[in-house]
Structure formats: structure tokens, C-alpha cells
Protein chains: 4
Amino acid sequence: MEKYKEVIECVYNDVKNIDDIGKVASYIPELAFVDANSFGISITNIKNENFGIGDFETKFSIQSISKVLTLSLAYKFEGAELWDRVDVEPSGNPFNSLLQLEADLGKPRNPFINAGAIVICDVLVSHLKNPKADFLDFCREISNNPTLNYDEKVAESERVSGFRNVALCNFIKSFGNIKNNVEEVLDLYFHTCSLEMTCKELSQIFLFLTIDNFTTKKGEKVITESQTKRINAIMLTCGFYDESGEFAFRVGLPGKSGVGGGIVAIHPDKYCIVVWSPKLNKKGNSYKGMLFLEKFTSKTASSIF
Amino acid sequence: MEKYKEVIECVYNDVKNIDDIGKVASYIPELAFVDANSFGISITNIKNENFGIGDFETKFSIQSISKVLTLSLAYKFEGAELWDRVDVEPSGNPFNSLLQLEADLGKPRNPFINAGAIVICDVLVSHLKNPKADFLDFCREISNNPTLNYDEKVAESERVSGFRNVALCNFIKSFGNIKNNVEEVLDLYFHTCSLEMTCKELSQIFLFLTIDNFTTKKGEKVITESQTKRINAIMLTCGFYDESGEFAFRVGLPGKSGVGGGIVAIHPDKYCIVVWSPKLNKKGNSYKGMLFLEKFTSKTASSIF
Amino acid sequence: MEKYKEVIECVYNDVKNIDDIGKVASYIPELAFVDANSFGISITNIKNENFGIGDFETKFSIQSISKVLTLSLAYKFEGAELWDRVDVEPSGNPFNSLLQLEADLGKPRNPFINAGAIVICDVLVSHLKNPKADFLDFCREISNNPTLNYDEKVAESERVSGFRNVALCNFIKSFGNIKNNVEEVLDLYFHTCSLEMTCKELSQIFLFLTIDNFTTKKGEKVITESQTKRINAIMLTCGFYDESGEFAFRVGLPGKSGVGGGIVAIHPDKYCIVVWSPKLNKKGNSYKGMLFLEKFTSKTASSIF
Amino acid sequence: MEKYKEVIECVYNDVKNIDDIGKVASYIPELAFVDANSFGISITNIKNENFGIGDFETKFSIQSISKVLTLSLAYKFEGAELWDRVDVEPSGNPFNSLLQLEADLGKPRNPFINAGAIVICDVLVSHLKNPKADFLDFCREISNNPTLNYDEKVAESERVSGFRNVALCNFIKSFGNIKNNVEEVLDLYFHTCSLEMTCKELSQIFLFLTIDNFTTKKGEKVITESQTKRINAIMLTCGFYDESGEFAFRVGLPGKSGVGGGIVAIHPDKYCIVVWSPKLNKKGNSYKGMLFLEKFTSKTASSIF
């Protein structure tokens, strides 16, 4: 941890003062209210030792990072059958594209584009009694953090401006790949996007994908070792929209970003690192977050390659 | 090595007798002459210890696996400027698609689709005096194997039936991203595809991407450590056409396939493993090769994730 | 009229007994209940003389033929400004494609694909107090036929299975090109599709596009002469989904088809002819309808070219 | 003719002084040498009476207008079988797109996009002994104008910069829809594009598509009446790239444009009118040419609709 701490401090100071050419997401009104200059880092290693710097204890909207959590729960429920509903290929197209969905007859390219995450939410609605509450319980349990919660204002903001997600969900339903009521599926989807956490909380909740034989406080396994590896593989190939190749190339770790400006990256069997900086580059990923992680893995020589 | 040897023997026997639903590539006449039931495996570890089974010492056409070799030499020449000419994103489309090339104004998605490999050959033509001979020398040197050679019959077969590659090269030239004469670029491209090697030779030549500080017999570095990691990253995200996500998901190693039925996979700092079985699945990758590698990394728990 | 009558009788008998390789539309359950062998023709000339044969007085669901009526009313309201909301180009893609809509940033290619007709309905909702009732009044007035009505069963059937149209409408709204409430717009859209008429009624209602200076019973102009010509032009280039070129080529008249099996064709300043036969070819147009009209214009040498 | 003459003079003066926001085509160097302010009109009626104004007797490169001439000759040779090789649907995409060609497996959408015209040239090469000379003879005979000729400088300029057309031709050949040698087909294609004519000559050569029972000086029919109508239909739906709908909508006549700035429009059984003004709008059609024809058909009320 000492080695990482030192590099983090050094790179943090480096990147902090760089001119940020990114822009805060504005596609939903609530996201635009964030402090654009926020910048925080948190790392948690497999011994559960933690180090943070900057705004690492400020809550922010984790947005699409939640797609890894919904996927994990759906995978736990369905096992390999899940892949009949959603594929594991990079999309090669902007994150909200309807193009490929049409060509692929309603089977989304992967669980990290909106279309795929909506199908995943449909799977969860089929399995959960109280989808929103039960999913929240799952998050609280794997993180051993009973304070985690949705931001209802953000969820509502997503709902009233989410015409494209309504379009997506109805479009997929026209192919038969949504089994439940569109409103119920989207209600869960919009809520999962609105989950708020701090860098520290995020770096802790993702230990279940970092540690091979992770068990919860209650001593329960979350998903199998093989499933863990596979989710990491999907993060590497699909975690950053149409910049996934670039992230693998520059950073070399499985990861997932959200339009709230957060990025989670995992070095299997070593650590989970989280960066938060709200200004996004043109591809929709945190500008400073990408930069920080590239320098960090470069200096620590800790890419998986 | 003993552990791997045992697993390889076991999985080899398993997969050998499975009904092969794949089909031998026939897009160029010469490839169709191969013995469809060939099946060979070779592994070489970073101590240069080797183990092989089946047809691991039979020469076959490495085809697109050569794209990793041309990329490596071009990256050595150009450094980071290379990425102005070709991107590092998965294509999300069949390997010979012209769709994205048009949308991306002639900049190929990655160096492992045909379009990208043709641009890489153009880069080599700009740097080499005798492109075909000099590239062959590079291959011989990094593998310490002076017997490596092109299969002129295959190269000629590629040439007379390669209308789509002629189309691609002219199309890219219309965007200004081919600097040399189309015929010269394609002559190099068709020859690199025709390189023939055995599984054993392939597992040895790719040690330069397996070992962090690899040096040739003459004591020279091929590419930098950072470049090595980055090529591995591109292999993981883009090495298997539109089945790259699936390979990362099922096998969990950087790799590259060719329509000759070969697959190379690399576990950085551990080993390079090569499978050859000519029958291809619908996505153009060796059916038994994919199967073998999935079982192998699963049994040895040696994915990078 | 005598000349047309003779040719119609002759071609009707010809085509009646041809083996119909088409299929009745089944995308909404209600449409599948039609008698698949229905076959009727009606022609009305500019003197309002009418001739019919076969099932020309049976009501059927006019479906997309109504798109010409909604367009006419919206054009009357908005004039040339209408074309800021929808284009007049053939789509070159299947009728319910979302592909081009994305590329064109929410501006539908033409008013005869679903996306375009939904935008047109949005325009009508902005102008009409009671959209459904007022549009029906418009149809009754221009046809001098107070019995015209919606088929509520069909409208309901469209509504409960219309996920793709819900998707389309929300998708367009995400680009800002739907101004009203999605439910209200689609309610009008589904009702207009459910209009039912006989061949005879259809051939009469479309006189307003056949006669240069058409006035209603009350002596009012519907649209200007220039607007009439322009709607005819759009019918010629866009009236038959991705078979529009084929219809212009084989039949040579402006026209519009519906998945209920109806086709309206107009010879400006001469006549309006309507065919109804429910079995559709692969492109979604009445198989016998296309055949009949090709033979009819060929024998009467009355294409506009 | 007097009526037309008056309107032409009036509209000519109107449009002449309008600020031309178009740009001269520069995709081949030779075209850029034209006088950008050239503006000429010529009309020829079915009695072969002619009237011209402005630069109507200056030669210019007819470019894609020649696609109507090559189509006519190929249609004469092949009859309806021609449509197995090329379709008659509007493309809905920019004129040199490879997108649809891939989706349509090498069958071009229509004979007026480059891909289609190249296939048409392949048909001609199959039928003609000396393709270039024989096609020129055909043009000279139907126009009764032995002075017509290719502009070899333009043909050469097309050849040396025509990488995209080389790409197209090879791409189509990869689907098997080019039967002859690529070089020979393109040599004919580049030459046909380089044909040079005056407005007057163009308005005369296209009489064979204006007059129902046109015969050459020698008393021979060129194509059948039905073929004539069908070529006119294709011009209406496909003559102006992805602005074909717009031309039908605004002008209402079958026509064909070229990037040399020429537009031919035909009123069947009445007249052929030609405008030439080299500055093109964004869709690649003459800016003033479109404007002139819209005003002309509007004032003479002579659209076909």
C-alpha cells in the first residue's frame, strides 16, 4: 500500500493542476449541479487497507458504474443463461446507439451499454420481489455498508428526461427481449443509475471483483471465481463505451466509468482504485480520471499485461 | 511447465474427439488444400522451455497472426505517432467491413482488421528498403529462426482473389491514409499473410511479447516494455474480429487468430501457447482452438483476470 | 371511363386467378382476421364517375394510406415550414428502421415512414382542439362522406402491440422533434392507422389530390395546387417503403400502400384508382395490388412518364 | 415554344444575379478549371425546336449525366435481365457510399450511383467490341451529332484520382457482380464521365427519352416505349443522389445532374431542358440549376404531377 500511496499523491498533484478540457455531463439536469472541480482518489487493497486523497469522501452519482453491480446480481441469478439475453462484445459505437440493436435483433451487444443494462434490469425484475429495495440490499450487503442509497432527485431527473431510454426499452420489447412491464424495468434502471457513493465506498464495494474468493461479512460468496474473472473480462473489453480499447491500451486494467465522472479500475488479486472528476472527454469518460489512471499504472507498472 | 503439460495432454485428448462443427476457410483457393483434421498445440514458457502435442511441427499459413508482427515492427519505427494512422478500438463489425472505415474517414479501427493491417504495411513500405525481405529478416531475427519463409503459392492465391483487399486499400487511399503505391503495399500485405510456421515456431517467435525485457540473440530489444504491454492490450480487445469480447470472456488472455486455423495466446510473464486446427467457427476463428484454450485456462486458472 | 372499365375487367380476371405468393400482415392481431382472398378495384375519374369490381365495397383497414391524409392536413396548417420537421427524401431502408433517424438527428426522412407520420401527428395535435375527432371531420368533409370512422378494435390492437412505435416516438422526442405528450401523439397516430374505408370510398376521398382545383362540397379548397403537386411527388418517391423505386418503375404513378393490403394510385388530372388485396409481398406492399396496377397502366399506357 | 422562351428569359435574369452559395467540384483537378460563373440554358421541344440563353453553346463535362446514356445502351442490350445486376431503388445515402453495397451483397441500388454505373459499364464491356469507341458511336447516332467526344484530360484526371471508384469496382467484383477486367471497366467508366457537350447538345441528345416513338436519323428505334418510361421513372426517383426526393418535390420532372454543374430535365412528350452552372450545393447538384428549374416548372405549371 505504501508504494501505491506515494505514486497516488505524486500523480494526484500532477494531474490536479492540468487544464481540464472536459465538460460536465448535462444530459440530465441534476448532474449539472455538481462541483466541476471535484477530484478525488481512493484505493483499497485486498487486505481491505484503504488510502484516499482529495474529495474521496464526497458522494457523487455513480451512474453507469452501477451497471457492473446489476450485472453481477443478474449473473448470480441466471448463470450462463444470461448470455442468451445479452452479448459480451464491444459495441464499437456510441453508448446510446440503436444501430446495432436493430442489426442484432434486440440482443444488446454487452451489459454495459444502456440497452444491455436495461435488459439486465428486466432480468432482475423477474427475480426480485421488490426490485429497487432488494437490489439496494444486495449493494449494502456486498459492501457491508448499510448507508448506501439512491438519490431520488437524480432518479426523477433521469425519468423525466429519459426519452431515449424509454425508446430503447420499447424497442427491445418489440423484439421480445424485455419480459416485464416497461415502466417497472425503467423505474429500476433509473434508480440504479442514481446510486450515490464516495470514491472510498466504491473502492470497497468492488472488492468482491478484486478478491478471488471474496465472501461477505455473513460469510457468503457473491459470485463464483469464474464469474468474477468473466465480469472483469467484460469490463476490460466493454467498460468505456467506444473508448474501451483506448482504456485497455493506456491503462491496462478492467474498469468501468460513469457520466458522473467516476471511474473504477480493478487489478485482480491486488487492488481496486477509484477516481472521480466530473468533467468528461468527448467519449463520455472522465478526462482527469483517464489521465490519472494512465500515469498511475504506468508508474506502478501494474497493468495486467 | 509440468503442470501445463499435464493439462494440455488431458484437454488435447478431450477436444480431439469432439465433433468439429467448423469449416475450413475457402476464401482463397490455396487454404482449402490443408488437412482439415490437423490439430496441434505448442507452449513455450519464458525460460524458453517448450512442449508440443499433435501436429505441432507441421507448417501452416499463419495468415492474420502476422498482423501482430507487422504491427510490432511498425510500432518500433513510428512510436506513438503510429496511432494517428490507425486506432486501437474493437471494430464491432465483421473483419472485412467497409462500413466503419467510411464513418471514420479512412482511419481503421485497429491494426488487426484488414484495413488496419494494410495501413500498417503502408507504414512499413515507407520505412523499409526491401519491404518483403526486410520484414522477413525481422521475423527471423526475433525468433532466432532463419528458416522462416513466405509461401509464394498462398501469396499469389491471395493476390488473384483479393478484390476486397484491393478495394480496401484504394478506399483508404481515397482518404489519404495510404502514402505509397497501392500495388506495393498490397504485395507486402499478401506476403505477410502467407508466412508459414509450425505451432512450435509460433510459440517461440511470440516470446518477445511474453517476456518483459526480451532481447534477441544479438542482445537487442525489439520494442519497449510499455509497447509490449500495449500490443497485448490491443490483442485482448481486438484480436478475434467480432468475437474478441467472447475470447476475453471465455479464455481471458491476449491473443490473435488467423483464418489458417491458428491461434496464439499470451500469458504475460508466463507463457505463449499456440493451437492449430483449420476448421473455423462462423466468426472466422478456429472452432477447436477456442474450445481448447477455454478449457486450458479454466483448468490452469491462468487467465489474466 | 369506358376504356378504363374494359381494361380493369380484363386485368382483374387475369390477376384474380394468379397464385398469390404474398402473406397477410400479422404484426397486429386484428389485421390477421381479414379474408385473405379479398380482391377489389375501384376507379373514380375527375368527373366523379366511378367504376368498381370485386370486393370494392367492403371496408378494410387503410393503415398507412392514412399518412397521405394526415400529411395533407398538416401541410394545410403549416405550409412550407412543415419541412423543417420532416424531410421529403426516400428512406432507402425498411419502413420502421431507426437507423437513419439517428443519423438524421431525429428528422424523419419523409412523412410516409412511421417516424415521419408520427411527427405529422404531433403537428396535428398542436393545431387541433380534439385531434381524433377533428381529423375525422377533415376526412369526412373532403370525401363528402359522413360515415367514415375509425375501427376502435384495430386502434386498440395497434396500441397494445406498438412497442416499436412507442420507441420511435420517444426516440424522436429525445431529439426535440416531438412537441406534445407522447401518449397523445400516439393515440392519434394509432387511430389514423385504424381508419376503415372501401375501395370506392378511397378512390373518392383522394380526388382532392387528383383534381387541380378541387373544392369540397362547401366550396372550400383543401390545399393549394402547388401543395397538391408536391404531395403527389412525395407519393411517387416515397409511397412504397423501400419499394418506391420499383413502383415508379413498374407502375409509373404516384401512390401509397398500406399493410391492410390497399394501394391508392393517382393519375393527376385523370383518375384515382384503388386496389385491395390483403396478401403482402416481402416489402410489405399488396402482391396482387402491385401486379394489377402494373398491368393496368401498361395496357392503358397511362403512366405519368 | 414561345411560352417557354419568355419564362426562360425571365427566370434566367432572375437567377443570374442571385448570390451563388454553391462550390465548384474539386474532386478531380481538371473540373476545377471551369469558369465558375458560367450559366446557360437550352430547351428543345419534341418538334426539335430549340432555344438557348447564356452559355448554352459552351462545352462542359457532363459527368454523371452520361449515366443515363450508358444505362440506355445497356438496357437496349439486356432488356429486363439488366435488373438482376442493378436495382431501381433510391439509395438514401451519399452518392459514393459503400454502406448499402455491402448490405445488398454487391448489387448496386440503382444505375445512377457510381456503383451502379460501374456495373452498367461492365455490361457494356461484355457487349461491345471496342467499348469506348462503340459507346461514343451510340451517342453520336442518337444525337445525330458526329462531333461528340471524350475529354481525354478529364478522363485521365478521373483515372489518377479515382481511388474510390477503383475501390468500388474491386468491391463489387468481390461479390461477383463485375464480369470483366477491372481496369477495362473503369477505363470505359472514366471516359463516359468525361464526355463533353453544350447545353444545346444535351437538350438534343435526350430527345430519345422525351419523344415516345423516337427514331434516329437512320430510322431506328433506340429503346422501346416501355423502356423509355422506365428510364424516366428511375431518373425521377434516383437522378439526384440523396436529393432526388427534393428535386421531384420542387421541380417535378425526371432529371439527372452531374458534378460538372449540368442538369437535364425531361417533360415526357413535351420538352427536354438543360441548365448548366458549375457551383454545386452540399448534395452535389448545381445550386442555380436547381433554383432555375424550380422557378421554371412553377411558372409554366409544367411538372408531371
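Let's start with helix α8 of chain D, residues 182-193, in this predicted model. How far apart should the ends of a twelve-residue helix be? At 1.5 Å a residue, the expected span is 16 Å, and the end C-alpha atoms of α8 in chain D are indeed 16 Å apart, so expectation and model agree.

Now, is this helix mostly covered or mostly open? Mostly covered: nine of the twelve residues in α8(D) are buried. Among them are D:Val182, D:Val185, D:Leu186 and D:Leu188, and the buried group also includes D:Tyr189, D:Phe190 and D:His191. Have a look at the N-terminal end as well, where D:Asn181 acts as a cap. A side-chain oxygen of D:Asn181 lies 2.9 Å from the backbone nitrogen of D:Glu183.

Staying in chain D, please find D:Lys229, in helix α11, residues 225-238. Is this lysine buried or exposed? D:Lys229 has 15% relative accessibility, and buried means under 20%, so D:Lys229 counts as buried. Beyond its sequence neighbours within four places, D:Lys229 is in contact with D:Asp212 from chain D, and with C:Ser303 and C:Phe305 from chain C. D:Thr210 is 19 residues away from D:Lys229 in sequence, and their C-alpha atoms are 9.2 Å apart.

Let's set another lysine beside that one: C:Lys23, in strand β1 of chain C, residues 23-24. C:Lys23 has 67% relative accessibility, and the cut-off for exposed is over 50%, so C:Lys23 counts as exposed. Leaving out residues up to four places away in sequence, C:Lys23 touches C:Pro278, C:Lys279 and C:Leu280. From C:Lys23 to C:Glu102 we go 79 residues along the sequence and 31 Å through space, C-alpha to C-alpha.

Finally, over to chain A. An unreviewed UniProt entry lists several residues under "binding site", including A:Ser64, A:Tyr241 and A:Val259. Where do two of these sit? A:Ser64 is in the loop between β4 and α2, while A:Val259 is in the loop between β7 and β8. A:Ser64 is buried, at 6% relative accessible area, and A:Val259 is buried too, at 9%.

Which residue on the UniProt list does A:Ser64 touch? That is A:Tyr241, and A:Val259 touches A:Tyr241 as well. Setting aside close sequence neighbours, A:Ser64 also touches A:Lys256, A:Ser257 and A:Gly258. For A:Val259, the contacts include A:Ala25, A:Tyr27, A:Leu31 and A:Gln63, along with A:Leu280 and A:Gly284.

Methods
Residues are numbered from 1 along each chain as its sequence is written. Chains are lettered from A and ligands numbered from 1 in the order in which they are written. This is a predicted model: local features need pLDDT of at least 70, side-chain atom pairs count only at pLDDT 80 or more; totals for chains, interfaces and linings use all residues. Side-chain values use heavy atoms; hydrogens and water are left out. UniProt positions are given in the numbering used here, feature names are shortened, and annotations may be inferred rather than shown by experiment. Helices (H or I, at least four residues) and strands (E, at least two) are DSSP runs, numbered from the N terminus. Buried means under 20% relative accessible area, exposed over 50%, partly exposed in between (1.4 Å probe, protein chains only). Contact means heavy atoms within 4.5 Å. The expected span of a helix is 1.5 Å times one less than its number of residues. A polar contact is a pair of N or O atoms within 3.5 Å; within protein, one must be able to donate a hydrogen and the other to accept it, and residues adjacent in sequence count only if both atoms are side-chain atoms.
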